[in-house]
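Visitor: Could you take me closely through a single part of this model, going step by step and keeping to what was computed from the atoms?

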Amino acid sequence: MVLEERIPVESEAEAREIVRYLKKEGIPARILKEPQLNVALILAGRYEDLKLFLTACQEKHQQRGVGSEDSDEYPVDFDPAVWKKTLEVLDAEQLAVSQILQEHSPGDIIGTTVFQTVFLKTKPEHEFTPEEFARDLATVRTLISNHLCEITQQGFVLTNAAEPGDVTLYIPYEYPFPPEEEVSERYRITCIRHFRGEMRYVVQTGPEIIFLDDIEAFIMFISENGVDPQSLMRITERCMSRLRITQELISQLFDAGESSLEDLRLLFVDEIATQDGQGHVQDRFGLSPEYVDRLVADMKKLGLVKGKDSRLRPSDPSEAANSAKRKKNR
């Protein structure tokens, strides 16, 4: 179905809250549990060794650009600019580690922002951006991995002193393949494959989602129940797009009186221009024949369109409204 919605959430409890909200609005919904496995490559090594390796990779790509004899050894979709970004991450991590080791002594508590957020679930004293939090979290993990920090009930405690240059750093490696053994030995680095497996919770709605009375209230509700900002934007866009597409199909049927499914396929694949798109934002529709087939099937199910595929026509608006109301009151 093309009018359904999938809403990813952080926990099963939040998924249940969203399902409860939707069912009160007469919209069927269920929770899907989907296993998710991700693999990330991480480079480990001392700052100077990692710096030499990444700089060599950057220079190698600059010398062997697209069109050179051996450019085929690199993935087509790989962006060489990633080396610059990785070097910046490395420099930032080294700076953060150096500041902690130079400004603190064993026994000092560090990383209070991370500890308050992760363990105490309280709001930190100082405001921070997601980027700043991620950097602080990475630094704490680095110190723990180097046996320089311990987790206590009071917070993260620095346990040992060390020279910043002797600390093993861990940074994301965005190249799709790990370095070869000979290269790793030459630069004294290690590549770690981090396998992360978890269950993802998704709220699956029925096509009745287009009958939602107050989309803004719904978006506000799910924003408070485990849906991240990027997903919120995509869900909002899809909700508005589904309404616009169904309105256009019904409008075309009203104008024609009736139409065949084949006519609708041709009409929408030709990217029709609507009559009301006269402003600075205009709508165009390029829907594949299979998408139109599923759209019409959903709209039939919702009582918005009726008839055989050879003679489709719009339902009476009052009938569709009453049908939606009956489903909501069940």
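**Helix H8, its cavity and its neighbour**

Guide: In this predicted model, the part to follow is helix H8, residues 229-256, which gives the most to the lining of the largest cavity, with 3 residues. The cavity count comes to 1 at a volume of 30 Å³ or more, and the largest cavity has a volume of about 40 Å³. Its lining is made up of Ile-209, Ile-210, Ile-215, Cys-239, Arg-242 and Leu-243, and by residue class this lining divides into 5 nonpolar, no polar and 1 charged; the charged one is Arg-242, because Arg counts as charged whereas Ile, Cys and Leu count as nonpolar.

From the cavity we can turn to the contact that H8 makes with helix H9, residues 261-269, where the two helices pack at an angle of about 125 degrees and their axes lie 12 Å apart. Angles over 145 degrees count as roughly antiparallel and those from 65 to 115 as roughly perpendicular, so H8 and H9 are oblique to each other. The crossing in which H8 passes H9 is right-handed. On the H8 side the contact involves Glu-248, Leu-249, Gln-252 and Leu-253, and these meet Leu-264, Leu-267 and Phe-268 of H9. Taken by class, the residues of this contact divide into 5 nonpolar, 1 polar and 1 charged, with Gln-252 as the polar residue and Glu-248 as the charged one.

Terms used: Residues are numbered from 1 along each chain as its sequence is written. This is a predicted model: local features need pLDDT of at least 70, side-chain atom pairs count only at pLDDT 80 or more; totals for chains, interfaces and linings use all residues. Side-chain values use heavy atoms; hydrogens and water are left out. On a 1 Å grid over the protein atoms alone, a cavity is a set of points where a 1.4 Å probe fits but cannot get out, and a pocket is an open set with protein on both sides within 12 Å along at least five of seven lines; lining residues have an atom within 4 Å of a point. Grid points are joined across faces, edges and corners, and a volume is the space filled by probe spheres set on the points. Helices (H or I, at least four residues) and strands (E, at least two) are DSSP runs, numbered from the N terminus. Axes are lines fitted to C-alpha atoms, for helices over the stretch in contact, and angles run from 0 to 180 degrees between N-to-C directions. Angles under 35 degrees count as roughly parallel, over 145 as roughly antiparallel, 65 to 115 as roughly perpendicular and the rest as oblique. A crossing is left-handed if the near helix is turned anticlockwise from the far one by less than a right angle, and right-handed if clockwise. Contact means heavy atoms within 4.5 Å.
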